[in-house]
Amino acid sequence: MPSLGRLHLITDTRPGRDPLTVLRAALAVARAELVVQVRVEDDATDREAYDLTRRVVALCAPYDVTCLVNDRLHVALAAGAAGGHVGADDLPVGAARRVLGATAVLGATAREPGTAAGAVAAGASYLGVGPCHTTGTKAGLPAPIGPAGVRAVADAVDVPVVAIGGVTAARVPALLAAGAYGVAVVGALSGAADPGRATAELLGALGC
Ligand SMILES: Cc1ncc(COP(=O)(O)OP(=O)(O)O)c(N)n1
Ligand SMILES: Cc1nc(C(=O)O)sc1CCOP(=O)(O)O
Ligand SMILES: [Mg+2]
């Protein structure tokens, strides 16, 4: 399995966003500390997801940066990504592992210790844990679990815990203190006036 970076940039493909410009800025600063997760809107076609993933894989390759694909594991395989991320509405973790193969990176969403342990037993190589804080990026999420919720999961598993949901550089220290290995962000980079500088601030907070 490729070593996992601590700063996960999730693409923001909402109207008016420019995920590849944000990615280029982040790559130049973060290099191999970055993981990029291609996440498209639910109504995007597989072709659109594939085309974006191919472009992301090509941008990541010179930096040796890991590219993952959210939900659509066939797109991950077809586009040459290193793996994928699944949650409660996606393929079960064990099935996802069978699709991707033994050496792929496979992330799973877990919000509490029991789910987390089950996901690891089924083959998850890291966990996305949240929402840590309120976020405007995704609707319909449960109440934020805060650093205490991250700690509960981190104490229950032996794979990297990646905290997600409303993560900012200022919130990173408390998440690390709770046992997070890294963080995943959408808005903290996509909404930044200077994504390169925002990347540097997040990396600094992560101690990278
Ligand atoms: C790192 C990370 N953590 C959690 C998620 C959320 O995945 P999921 O619950 O499947 O929700 P969608 O992203 O598919 O809407 C994630 N993508 N990445
Ligand atoms: C896609 C997603 N999943 C979450 C979860 O908790 O499962 S939070 C989230 C959105 C994260 O965006 P931002 O960094 O802008 O808050
Ligand atoms: Mg999903």
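**Close-up views of a predicted model**

**View 1. Strand β1 and its two neighbouring strands.** Leu-7 and Leu-9 point one way from β1, whereas His-8 and Ile-10 point the other way, and all are buried (a residue is buried if 20 or more other C-beta atoms lie within 10 Å of its own, exposed if 12 or fewer, and partly exposed in between, with C-beta atoms placed from the backbone). In a regular strand the side chains alternate between the two faces of the sheet. The model is predicted, so local features need pLDDT of at least 70 and side-chain atom pairs count only at pLDDT 80 or more, while totals for chains, interfaces and linings use all residues. Residues are numbered from 1 along each chain as its sequence is written, and chains are lettered from A and ligands numbered from 1 in the order in which they are written. Helices (H or I, at least four residues) and strands (E, at least two) are DSSP runs, numbered from the N terminus. Strand β1 pairs in the parallel sense with β2 (residues 34–38) over four bridges, where two strands pair if DSSP finds at least two bridges between them. Within this pairing Ile-10 stands opposite Gln-37 of β2. From β1 the chain crosses through helix α1 (residues 19–30) to β2, and this β-α-β crossover is right-handed, meaning that, with the strands pointing away from the viewer, the path from the first strand over the helix to the second runs clockwise. Strand β1 also pairs in the parallel sense with β8 (residues 182–185), over three bridges, and Ala-184 in β8 is the bridge partner of His-8.

**View 2. Arg-6 in the segment before β1.** Arg-6 has its place in the segment before β1 (7–10), and Arg-6 is buried because 22 other C-beta atoms lie within 10 Å. Not counting residues up to four places away in sequence, Arg-6 touches Glu-33, Tyr-181, Gly-182, Leu-206 and Cys-208, contact being defined by C-beta atoms, placed from the backbone, that lie within 7 Å. Arg-6 and Val-129 are 123 residues apart in sequence and 14 Å apart in space, C-alpha to C-alpha.

**View 3. The surroundings of ligand 1.** Of the 17 residues around ligand 1, those that come nearest are Gly-87, Thr-109, Gly-128, Ile-164 and Ala-184, a residue being near a molecule or strand if its C-beta atom, placed from the backbone, lies within 6 Å of it. At least two residues of this shell are supplied by each of β4 (83–86), β5 (105–109) and β7 (161–164). The shell around ligand 1 divides into five nonpolar, eight polar and four charged residues, where Ala, Val, Leu, Ile, Met, Phe, Trp, Tyr, Cys and Pro count as nonpolar, Asp, Glu, Lys and Arg as charged, and the others, Gly among them, as polar.

**View 4. The surroundings of ligand 2 and a cis peptide bond.** Gly-130, Thr-135, Thr-137, Val-186 and Gly-187 come nearest among the 15 residues around ligand 2, and the shell divides into seven nonpolar, seven polar and one charged. Gly-130 is joined to Pro-131 by a cis peptide bond with omega of about 0°, and Pro-131 lies in the loop between β6 (126–129) and α6 (146–154).

**View 5. Two aspartates with positive phi.** Asp-64, in the loop between α2 (46–60) and β3 (66–70), has a positive phi of about 60° although it is not a glycine. Asp-64 counts as exposed because it has 12 C-beta neighbours inside 10 Å. Asp-71, in the loop between β3 and α3 (73–79), has a positive phi of about 70° and is likewise not a glycine; with 19 C-beta neighbours inside 10 Å, Asp-71 counts as partly exposed.

Notes:
Contact = placed C-beta atoms within 7 Å.
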